[in-house]
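Student: Please take a close look at a single part of this model and place it in its setting. Keep the answer connected, and give the numbers.

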Amino acid sequence: MPDAMGSDRAPKPEIEGAIQAARRFGIPVALVGPEETLKSELWRHPFARSLPISIIHASEVITMDDKAVQAVRAKRDSSMRVGLRLVREGRAGAFISAGNTGAAMATAKMVLGGLPSVDRPALVAIMPTSIGTVSTLLDVGANVDCKPHNLEQFAMMGEIYFRSMFNVARPRVGLLSIGEEEGKGNELTRESFLLLKQLPLNFVGNVEGRDIYSGKVDVIVTDGFIGNVALKTSEGVANLVRATLKETLAATITRQVGYLLSRSAFSDFKKRIDHTEYGGAPLLGVKGACFVTHGSSNVNAIKNAIRVAADFVDRNITSNIETEMAALRPAAAVTP
């Protein structure tokens, strides 16, 4: 269920992404937002009437300029709140928003509520690796300031998520730091290291920034400040590589001919480093499926966010996290 009014160019990417997801994957999609606005855009595509796409009316929209907490409380009929309420009631499997990230997370925590064994929810991003697999990085922005027990819980949730989502029996879990040695890092990473190595996980110790893409580790744990910087830096580098490659290949006739001869390989390369191919970032630790995507999300990003969200629901990720977290930490007290 996409928030049809979330992205910078809403509702066009959300509606066209929903159409592509419904056509290609057969996923039923409910678009949330002002009914007349969405109908006007949706019915511009005549074949959309034959697809499993519906519209759920929401009279208000939380904008990027709105202050998250104030908007969540004041705009009770916002597309975010309406969509997440339907997830809570079991009338929708997942909610996806390319809108105000802070508001989306605050609304999810308020409407869905947190899992009993989780102190703070975390956003997890999928990252490409040099060996053709993927790794996951969390937290990537939900929690700017963290304590060691937060990272401990992120590690547990990330491991369960990766194992359930990618069918890996023993995911390798690493703690992002400035060196591989146990004593490296700041106070947060050193104290978190001691907690993580006591967990019944396949903890491989500290990992460095380059290991996010090496394929040597599956789950990389960090606080939301560092994680968000790492994520945005990665996206910036990917954009630089694509732009530089395009400029270089267009420089001479010889290079243009070479590109034409190897276009399939370049297309595969571009797709591999394109963040829109990997769907949105799920918010782990709440009682329901909530995905956050970029405000600049295009049609491909929305389509893939719907695909990944449907897979997330089919694999019962939230239920798995709730059950396994309770079993791993049956006596753990949730610290405010």
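**The end of helix α6 and its setting**

Tutor: The protein has twelve helices and ten strands. The model is a predicted one, and the values below are computed from it. Of the 336 residues in the protein, 51% are buried. Among contacts with a separation of 6 or more, 72% are between residues 24 or more positions apart. The part taken here is the end of α6, with the residues that follow α6 and the loop between α11 and α12.

Start upstream of the helix. Strand β5 covers residues 134-138, and D139 sits in the loop between β5 and α6. The peptide bond from L138 to D139 is cis, with omega near 5°. Helix α6 itself takes in residues 148-166. It has 19 residues, and the distance from its first C-alpha to its last is 27 Å. The value expected at 1.5 Å a residue is also 27 Å, so the span of α6 is close to what its residue count predicts. As for its surroundings, 17 of the 19 residues are buried, so α6 is largely enclosed by the rest of the structure.

The residue just after α6 is N167, with a positive phi of about 55°. N167 is not a glycine, yet its phi is positive. Its place is in the loop between α6 and β6, the latter being residues 172-176. With a relative accessibility of 60%, N167 counts as exposed, because the cut-off for that class is over 50%. So the chain goes from a helix that is largely enclosed to a loop residue that is exposed.

From here the description moves to another stretch of the chain. R315 lies in the loop between α11 (299-314) and α12 (317-328). Leaving out residues up to four places away in sequence, R315 touches S164, M165, N167 and N320. S164 and M165 fall within the range of α6, N167 comes just after that helix, and N320 falls within the range of α12. R315 therefore has contacts with the end of α6, with the loop residue that follows and with α12. The C-alpha atoms of R315 and F166 are 9.9 Å apart, for a sequence separation of 149 residues. R315 is partly exposed, its relative accessible area being 27%.

N316 is in the loop between α11 and α12 as well. Its phi is positive, about 55°, although N316 is not a glycine. N316 is partly exposed, with a relative accessible area of 45%. For the two asparagines, then, the phi given is about 55° for N167 and about 55° for N316, while the accessibility classes are exposed for N167 and partly exposed for N316.

Some other sites help to place this part within the model. A cis peptide bond also joins A10 and P11, with omega about 5°. P11 is in the segment before α1. Helix α1 (residues 12-25) meets helix α2 (residues 35-42): their axes come within 10 Å and cross at roughly 55°. The two are therefore oblique to each other, and the crossing is right-handed. On the α1 side the contact is made by K12, I15, E16 and I19, and on the α2 side by L38, E41 and L42. By class these residues are four nonpolar, no polar and three charged.

Another helix pair is α4 (residues 79-88) with α5 (residues 101-111), whose axes come within 10 Å and cross at roughly 35°. This crossing is right-handed too. M80, R81, L84, R85 and R88 of α4 make the contact with A103, A104, T107, A108, M110 and V111 of α5. The residues of that contact are seven nonpolar, one polar and three charged.

A strand residue completes the setting. A30 is in β1, residues 29-33. A30 counts as buried at 14% relative accessibility, because the limit is under 20%. Apart from neighbours within four places in sequence, A30 has contacts with M1, P2, S54 and I56. Its C-alpha lies 9.1 Å from that of A4, which is 26 residues away along the chain.

Back at the part requested, α6 is largely enclosed, because 17 of its 19 residues are buried. N167 follows with its positive phi, and R315, from the loop between α11 and α12, touches N167 as well as S164 and M165.

Note on methods
Residues numbered from 1 in each chain as written. Predicted model: local features only at pLDDT ≥ 70, side-chain atom pairs only at ≥ 80, totals over all residues. Heavy atoms only, no water. Axes fitted to C-alpha atoms, helices over the stretch in contact; angles between N-to-C directions. Helix = DSSP H or I, 4+ residues; strand = E, 2+ residues; numbered from the N terminus. Parallel < 35°, antiparallel > 145°, perpendicular 65-115°, else oblique. Left-handed = near helix turned anticlockwise from the far one by under 90°. Contact = heavy atoms within 4.5 Å. Nonpolar A, V, L, I, M, F, W, Y, C, P; charged D, E, K, R; others polar. Buried < 20%, exposed > 50% of the residue type's maximum accessible area, 1.4 Å probe, protein only.
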